[in-house]
Amino acid sequence: GKRSEGCVMKTKFTPGPWRFSDGTIRDEPGRGIAEMWIYIGIGPSQREANAALIAAAPDLYAFAQEFLRVWAGPGRTDSPLEAQARAALAKAEGSQ
């Protein structure tokens, strides 16, 4: 979920893990989340790489949250890594 002032809020996206199978990103029960198409200039190998990155999104989101939970706190100073993690979470939450 979304982190705000030390608490975790529920996110709106489909919970992970996600996987790529037969041209579709799927959740754990196998429901389709997104379809991956091949466009001019993007071949099958690039489609597979894009799908792998998208399928990793819930794990990357959870990592960024955990990083901030461990890193941010009293006595810590702002760092470029903290700012990058916060920006990535904001982008994933649609608030950037």
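**Entry 1: F67 and its ring partner**

I started with F67, whose relative accessibility is 22%, so F67 counts as partly exposed. I keep in mind that this is a predicted model. F67 sits in helix α2, and so does W71; the two are four residues apart, about one turn of the helix. I looked up W71 too: its relative accessibility is 29%, which makes W71 partly exposed as well.

I then wanted to describe the two rings. A pair of aromatic rings is described by the distance of the centres and the angle of the planes. How many aromatic pairs are there? I found a count of two aromatic pairs. One of them is edge-to-face: F13 and Y61, with 5.0 Å centre to centre and 80° between the planes. This pair links distant parts of the chain, as F13 lies in the loop between β2 (7-9) and β3 while Y61 lies in helix α2, 48 residues apart. For F67 and W71, I noted ring centres 5.8 Å apart and planes at 10°, so this pair is stacked.

**Entry 2: F13 and Y61, buried or exposed?**

I checked how open each ring residue of the edge-to-face pair is. F13 has a relative accessible area of 28% and is partly exposed. Y61 comes out at 6% relative accessibility, and because buried means under 20%, Y61 counts as buried.

**Entry 3: the chain as a whole**

Next I stepped back to see the overall layout. I counted three helices and five strands in the chain. Which pattern does the chain follow along the sequence? I read β-β-β-β-β-α-α-α. The chain has 96 residues, and buried residues make up 23% of them. I also looked at contacts with a separation of 6 or more: residues 24 or more positions apart account for 34% of these.

**Entry 4: the sheet**

I went on to the strands. Three of them form an open sheet in the order β3-β4-β5, and the pairing is antiparallel. Which strands are at the edges? They are β3 (19-21) and β5 (32-35), each of which pairs on one side only. From one strand to the next, I noted an average twist of 30°.

I looked at β4 and β5 in detail. Strand β4 (residues 24-26) and β5 run antiparallel and are joined by three bridges. Across from I25, I found A34 in β5. In the hairpin of these two strands, five residues lie between the strands, and G30 takes a positive phi near 100°.

**Entry 5: T24**

I picked T24 for a closer look; it belongs to strand β4. Its relative accessible area is 10%, so T24 is buried. Which residue of β5 is the bridge partner of T24? I found E35. Leaving aside residues up to four places away in sequence, T24 touches R19, G32, I33, A34 and E35.

**Entry 6: helix α1 on the sheet, and I54**

I followed helix α1 over to the strands. It lies across β3 and β4 and runs at about 145° to β3. I chose I54 as my next stop, since I had found it in helix α1. Its relative accessibility is 34%, so I54 counts as partly exposed. Not counting residues up to four places away in sequence, I54 touches W18, I25 and M36. I looked up one of these partners, M36, once more: the C-alpha atoms of I54 and M36 are separated by 10.0 Å, and the two residues are 18 residues apart along the chain.

**Entry 7: α1 against α2**

My last look was at two helices together. Two packed helices are described by the angle between their axes and the distance between the axes. For helix α1 (residues 44-55) and helix α2 (residues 57-71), I noted axes that come within 5 Å and cross at roughly 45°. The two helices are therefore oblique to each other. Which residues make the contact? On the α1 side I found L53, I54 and A55, and on the α2 side A57, P58 and L60. I sorted these contact residues by kind: six are nonpolar, with no polar and no charged ones.

Notes:
Residues are numbered from 1 along each chain as its sequence is written. This is a predicted model: local features need pLDDT of at least 70, side-chain atom pairs count only at pLDDT 80 or more; totals for chains, interfaces and linings use all residues. Side-chain values use heavy atoms; hydrogens and water are left out. Axes are lines fitted to C-alpha atoms, for helices over the stretch in contact, and angles run from 0 to 180 degrees between N-to-C directions. Angles under 35 degrees count as roughly parallel, over 145 as roughly antiparallel, 65 to 115 as roughly perpendicular and the rest as oblique. Contact means heavy atoms within 4.5 Å. Ala, Val, Leu, Ile, Met, Phe, Trp, Tyr, Cys and Pro count as nonpolar, Asp, Glu, Lys and Arg as charged, and the others, Gly among them, as polar. Two strands pair if DSSP finds at least two bridges between them. Buried means under 20% relative accessible area, exposed over 50%, partly exposed in between (1.4 Å probe, protein chains only). Rings of Phe, Tyr and Trp (its six-membered ring) pair if their centres lie within 6.5 Å; planes under 30 degrees apart count as stacked, over 60 as edge-to-face and the rest as tilted.
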